[in-house]
Amino acid sequence: MSIRKFNIRPKALTLLLLLVVLFITAAPTVSHAEEMTMSPFKIILNAKGQFEDMQAVIRMPLEAGYTLSDYQVSLAFNGTMVGEAISFRYCYIDDNFLAGFDRAAVLANPVVIGLANTTTTATVEGWFEGVNSEGGTYTQYFSCTDMVEIIDPGQK
């Protein structure tokens, strides 16, 4: 099949292909992280543990040659946001991102309290920016889920 059959001039086709390639490379990357694990997976509302945060371990690689430079990440239960990440870092050994959420703030959230004694969907979503040594950057959007159990020992 010839491009002349579609009445497209070779220069116009070249320009169109160049624009498509530029759009694809300039557009932010969208990723749905394949796996996430919430820790703890069992949230006890009146717990007085030693850890100050809850973590989401997100199995998603950072592009080679890049370091993490900025982020915005949130935690939602059953679609309602319950917290913003207080930390977000990358583990180069395991190719995981670790998002930390203030445990006390999450446990005190009325939405979380209202979900006592249920199993619910935890969603961590947001974006991060990577930067390389030449100053090049890229932005990665992501959304991932895991199931958590919220327990209030005082309620039966």
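**Close-up views of a predicted model**

**View 1. β6 meets strand β7.** Strand β6 and strand β7 (residues 96-102) run antiparallel and are joined by six bridges. Two strands are said to pair if DSSP finds at least two bridges between them; helices (H or I, at least four residues) and strands (E, at least two) are DSSP runs, numbered from the N terminus. Look for Y90 here: the bridge partner of Y90 in β7 is F97. Four residues sit between the two strands of this hairpin, and D95 has a positive phi near 55 degrees.

A word on the model before we move on: this is a predicted model, in which local features need pLDDT of at least 70, side-chain atom pairs count only at pLDDT 80 or more, and totals for chains, interfaces and linings use all residues. Residues are numbered from 1 along each chain as its sequence is written, and side-chain values use heavy atoms, leaving out hydrogens and water.

**View 2. The whole chain, to help you find your way.** The protein chain contains three helices and nine strands. Starting at the N terminus, you can follow its elements in the order α-β-β-β-β-β-β-β-α-α-β-β. Of the 156 residues in the protein chain, 33% are buried, where buried means under 20% relative accessible area, exposed over 50%, and partly exposed in between (1.4 Å probe, protein chains only). Now take the contacts (heavy atoms within 4.5 Å): among those in the protein chain with a separation of 6 or more, 70% are between residues 24 or more positions apart.

**View 3. The hairpin of β5 and β6.** β5 runs antiparallel to β6, with four bridges joining them. One pair to look for is A76 and M81: A76 stands opposite M81 in β6. Two residues lie between the strands of this hairpin, and N78 takes a positive phi near 50 degrees.

**View 4. G79 in its loop.** The loop that holds G79 connects β5 (66-77) and β6 (80-91). G79 counts as exposed because its relative accessibility is 70%. Follow the sequence from G79 to T121 and you cover 42 residues, yet in space the two are 8.0 Å apart, C-alpha to C-alpha.

**View 5. S74 and its neighbours.** S74 belongs to strand β5. Is S74 buried or exposed? S74 is buried, because its relative accessible area is 13%. Which residues does S74 touch, not counting those up to four places away in sequence? The residues that S74 touches are M81, G83, E84, F101, T123, V124 and E125.

**View 6. β5 beside strand β8.** Strand β8 (residues 118-132) pairs with β5 in the antiparallel sense, over 11 bridges. S74 appears again in this view, as its bridge partner in β8 is E125. As you trace the strands, remember that side chains in a regular strand alternate between the two faces of the sheet.

**View 7. The hairpin of β8 and β9.** Strand β9 (residues 137-151) runs antiparallel to β8, and 14 bridges join them. Within this pairing, V131 stands opposite T137 in β9. The two strands form a hairpin with four residues between them, and G135 in the turn has a positive phi of about 90 degrees.
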